[in-house]
Amino acid sequence: IIPLNEASAYKDMPVLVALHEKHLNGAIKELKDNGFTNLIPVSFDNDLWCDIREEWMKINSIIPFGAEMLQESCEIKLQEGMHIYVVHSAYDKELAENIEDKLYELSIQVGANLTDNIMFPICDNTGEHISEKNKKYCELTALYWAWKNDKSEYIGLSHYRRKFILSDGEISTILSGDADIVVTVPVMNLETVKGQYAKDHSESDWNVLGQAIDALSPEYKDAYDAVSNSTFYFAYNMFIAKREVFNDYCEWLFTILEYCENQIGSKEDVYQ
């Protein structure tokens, strides 16, 4: 750890500024004001950080990489049995590059009950829904909507600025029924998952989650402890799952979230 006022020897060297997005711009400005000239910003959503994580995964042989991209015939087959919902809201940021949805990707607007700006034909406020809870549940109001209103063999969730790239091999595995669930490349922390959460949020909220596990799903207590003490997690609520797995997960998840919601209540801080 080097105090800023003792770091003059590093001012012309490449400096990775690796922080949460909400702190990144402030840190960049302060470093520039102090004469640092070669700054490389890195956050969880940054392309460079994604590449670093991917290379780490390749080296450690955690998951296979390198298969060719999908062909249209695979897309059509997937469209018949799988829907990946791409979450949008009235507050989406403008993207430098818009990537067109695949045939099996369906854009869904969340928080539709909370705005007059309706952007897509599929919204989270039709059928059985919890659209009005979007400020608390974020993209999970889309997950709830898909659970209650879509009957596809496979269902997935992604984001307008975070999407799955599936290889032919991965698609074949999905179509054959050999995969229960597809998840993201994990995010790596220096802190434990619980420790990182406590830095960005309220540790007491995490502890309420532990109480919910104890009360409603004690068979997951060991898993809760393992995740809490781990240094990586599968981020962004992004996954693709078999219908049976999807249904079981949603039944489990939303029961626990309702418990947490009732215990924690409302917060003045919009981010929290």
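Helices, taken as runs of at least four residues, and strands, taken as runs of at least two, are DSSP assignments numbered from the N terminus. In these terms, Ser230 falls in the loop between helix H9 (221–229) and strand E8 (232–233) of what is a predicted model. With a relative accessibility of 14%, Ser230 counts as buried, because the cut-off for that class is under 20%. Once residues up to four places away in sequence are set aside, Ser230 touches Glu191, Thr192 and Val193.

The confidence of the prediction was considered next. The protein chain has an average pLDDT of 88, and 91% of the residues score at least 70. Confidence is highest in helix H5 (residues 140–149), at 98, and lowest in helix H3 (residues 72–81), where the mean is 58. Over residues 63–72 the pLDDT is below 50, although this stretch has 22 contacts in the model beyond near neighbours in sequence. Where pLDDT is low, the predicted coordinates should not be read in detail.

An open sheet of 5 strands, with mixed pairing, follows the order E4-E3-E5-E9-E6. Strand E4 (105–109) and strand E6 (181–183) each have a single partner strand and stand at the edges, so that one side of each is left without a neighbour in the sheet. From one strand to the next, the twist averages 20°. Helix H10 packs on this sheet, touching E5 and E9, and its direction makes about 110° with that of E9.

Strands of a sheet pair through backbone hydrogen bonds, either parallel or antiparallel. The pairing of strand E3 (residues 82–88) with strand E5 (residues 154–159) is in the parallel sense and extends over 6 bridges, with Ile155 of E5 as the bridge partner of His83. Strand E3 also pairs with E4 in the parallel sense, here over 5 bridges, and in E4 the bridge partner of Val86 is Ser107. Although E4 stands at an edge of the sheet, this strand is mostly covered, with 4 of its 5 residues buried.

Within strand E3 lies Tyr85, which counts as buried at 3% relative accessibility. Leaving aside neighbours within four places in sequence, the contacts of Tyr85 include Leu106 and Ile108, together with Ile155, Gly156, Leu157 and Ser158, and among the others are Ile122, Trp145, Ala146 and Asp150. By contrast, Tyr85 and Lys199, which are 114 residues apart in sequence, are 30 Å apart in space from C-alpha to C-alpha. A further pair separated in sequence involves Ile174, a residue of helix H6 (residues 168–175) that counts as buried at 2% relative accessibility. Ile174 and Gly81 are 93 residues apart along the chain, and their C-alpha atoms are 9.8 Å apart.

Aromatic side chains were then examined. A pair of aromatic rings is described by the distance of the centres and the angle of the planes. The structure holds 12 aromatic pairs, one of which is formed by Phe239 and Tyr249 in an edge-to-face arrangement, with 5.4 Å from centre to centre and 85° between the planes. This pair links distant parts of the chain, since Phe239 is in strand E9 (residues 239–242) and Tyr249 is in helix H10 (residues 243–264), 10 residues apart. Phe239 counts as buried at 7% relative accessibility, whereas Tyr249, at 28%, counts as partly exposed. Both residues belong to one aromatic cluster that is formed by Tyr220, Phe239, Phe246, Tyr249 and Trp252. Elsewhere, a ring is met by a charge: the charged end of Lys148 sits over the ring of Trp147, 3.9 Å from its centre.

Backbone geometry was also inspected. Most residues other than glycine have a negative phi, and most peptide bonds are trans. Cys138, however, has a positive phi near 50° without being a glycine; its place is in the loop between helix H4 (134–137) and H5, and at 41% relative accessibility Cys138 counts as partly exposed. Asn237, likewise not a glycine, has a positive phi of about 55°. Asn237 is placed in the loop between E8 and E9, and with a relative accessibility of 30% this residue counts as partly exposed.

Key
Residues are numbered from 1 along each chain as its sequence is written. This is a predicted model: local features need pLDDT of at least 70, side-chain atom pairs count only at pLDDT 80 or more; totals for chains, interfaces and linings use all residues. Side-chain values use heavy atoms; hydrogens and water are left out. Rings of Phe, Tyr and Trp (its six-membered ring) pair if their centres lie within 6.5 Å; planes under 30 degrees apart count as stacked, over 60 as edge-to-face and the rest as tilted. Buried means under 20% relative accessible area, exposed over 50%, partly exposed in between (1.4 Å probe, protein chains only). A charge sits over a ring if NZ of Lys or CZ of Arg is within 6 Å of the ring centre and within 35 degrees of the ring normal. Two strands pair if DSSP finds at least two bridges between them. Axes are lines fitted to C-alpha atoms, for helices over the stretch in contact, and angles run from 0 to 180 degrees between N-to-C directions. Contact means heavy atoms within 4.5 Å. pLDDT is the predictor's confidence in each residue, from 0 to 100.
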